[in-house]
Amino acid sequence: MKSHRLILPAAVLLELVPQAAQAHGALEGVGDFYAGLLHPFVAPAEALAIVATGLLMGRSGLAACRYGIVAFGSALAAGLAFGSMIDPGSDRTTLLALLASIMAAVVITGLRAPLWIGATLAVLAGVVVGIDATPSRTTPSGILLTGLATLLAGTALITMAAGLALRAAQHWQRVAVQVAGSWIAASAILLLAYQLVGFHR
């Protein structure tokens, strides 16, 4: 009887055991377009980097949004186009977590990033997200469709985050943006620590 009572807890513990990372395999079966469209939302490092970039652009003003979003979108397209040339074993997650934590830290302070710094960070985030989201194991037309969907989703996500931060005029709205930045920073630092510990095992 006791052995039956242990089955459920044992099953739960087995589900919690870390599995091998499958960045693209987790979206198999949903089709090329939806795999690309959902990728920035289901890859935590990508989502953190994109939202942190958007909040930073929004808090840095309208000009930063105009240049930063275009720079991010262009860099994302370049990363998707040339990502297949990069070693698939390279660690993109650590770099994305590092970028997200840096940008979120600036958002928390409430300071505005100079235009060139914001654009540079947006380019770096876009390139790394593009490389990380590069589609694989599909047809040439599928690669193109998946890449376009990822470009659409990534650009839409950064635009929404930047728009919300840009329109945060009242005190409580600015505090809400800073709280969002603190959550992103905490999540990115946890992810960064996990990556660093994993690489040194």
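Let's start with helices H3 and H8, residues 32-42 and residues 140-166, whose axes come within 7 Å and cross at roughly 35°. This is a predicted model, so please hear every number today as computed from it. The crossing of H3 past H8 is right-handed. If you'd like to find the contact on your screens, look on the H3 side for Asp32, Phe33, Ala35, Gly36, Leu37, His39, Pro40 and Phe41. On the H8 side, the residues to look for are Gly142, Leu145, Thr146, Ala149, Thr150, Leu152, Ala153, Gly154 and Leu157.

Stay with Phe33 for a moment, since Phe33 is part of that contact with H8. How many aromatic pairs does a search of the whole structure find? The search finds one, and Phe33 is half of that pair, with Tyr34 as the partner. Their ring centres are 5.4 Å apart and the planes sit at 80°, so we call the pair edge-to-face. As for accessibility, Phe33 has a relative accessible area of 31%, so it counts as partly exposed.

Now let's step back to the whole chain. There are nine helices and zero strands, so a walk along the sequence reads α-α-α-α-α-α-α-α-α. Of the 201 residues in the chain, 39% are buried. And here is one for those of you who like contact maps: take the contacts between residues at least 6 apart in sequence, and 87% of them join residues at least 24 apart.

Next, charges. Side chains of opposite charge can pair when their charged atoms come close. Searching the whole structure turns up one salt bridge. Which residues form the salt bridge? They are Asp132 and Arg92, and their closest N and O atoms are 3.9 Å apart. Asp132 belongs to helix H7, residues 115-132, while Arg92 belongs to helix H6, residues 92-109, so this pair ties together parts that are 40 residues apart in sequence. Both Asp132 and Arg92 are buried.

Moving a little further along the sequence, we come to Thr134, in the loop between H7 and H8. Is Thr134 buried or exposed? Its relative accessibility is 12%, so Thr134 counts as buried. Its side chain has two backbone oxygens to look at: that of Gly130, reached at 2.9 Å, and that of Ile131, which lies 3.0 Å from a polar atom of the Thr134 side chain.

There is another threonine I'd like to show you. Thr53 sits in helix H4, residues 44-59, and Thr53 is buried, with a relative accessible area of 0%. The Thr53 side chain reaches the backbone oxygen of Ala49 at 2.6 Å. What is Thr53 in contact with, once we leave aside its neighbours within four places in sequence? The list is Met103, Ala122, Ala125 and Ile158. Looking back at the helix ranges, Met103 falls within H6 and both alanines fall within H7, while Ile158 falls within H8.

Last stop: Trp172, in helix H9, residues 171-199. Trp172 has 56% relative accessibility, so this tryptophan counts as exposed. Its side chain is joined to the side chain of Gln170 by a polar contact of 2.9 Å.

If you want somewhere to begin when you open the model yourselves, try the crossing of H3 and H8, then the salt bridge between Asp132 and Arg92. Thanks, everyone!

Methods
Residues are numbered from 1 along each chain as its sequence is written. This is a predicted model: local features need pLDDT of at least 70, side-chain atom pairs count only at pLDDT 80 or more; totals for chains, interfaces and linings use all residues. Side-chain values use heavy atoms; hydrogens and water are left out. A salt bridge is a side-chain nitrogen of Lys or Arg within 4 Å of a carboxyl oxygen of Asp or Glu. Helices (H or I, at least four residues) and strands (E, at least two) are DSSP runs, numbered from the N terminus. Buried means under 20% relative accessible area, exposed over 50%, partly exposed in between (1.4 Å probe, protein chains only). A polar contact is a pair of N or O atoms within 3.5 Å; within protein, one must be able to donate a hydrogen and the other to accept it, and residues adjacent in sequence count only if both atoms are side-chain atoms. Contact means heavy atoms within 4.5 Å. Rings of Phe, Tyr and Trp (its six-membered ring) pair if their centres lie within 6.5 Å; planes under 30 degrees apart count as stacked, over 60 as edge-to-face and the rest as tilted. Axes are lines fitted to C-alpha atoms, for helices over the stretch in contact, and angles run from 0 to 180 degrees between N-to-C directions. A crossing is left-handed if the near helix is turned anticlockwise from the far one by less than a right angle, and right-handed if clockwise.
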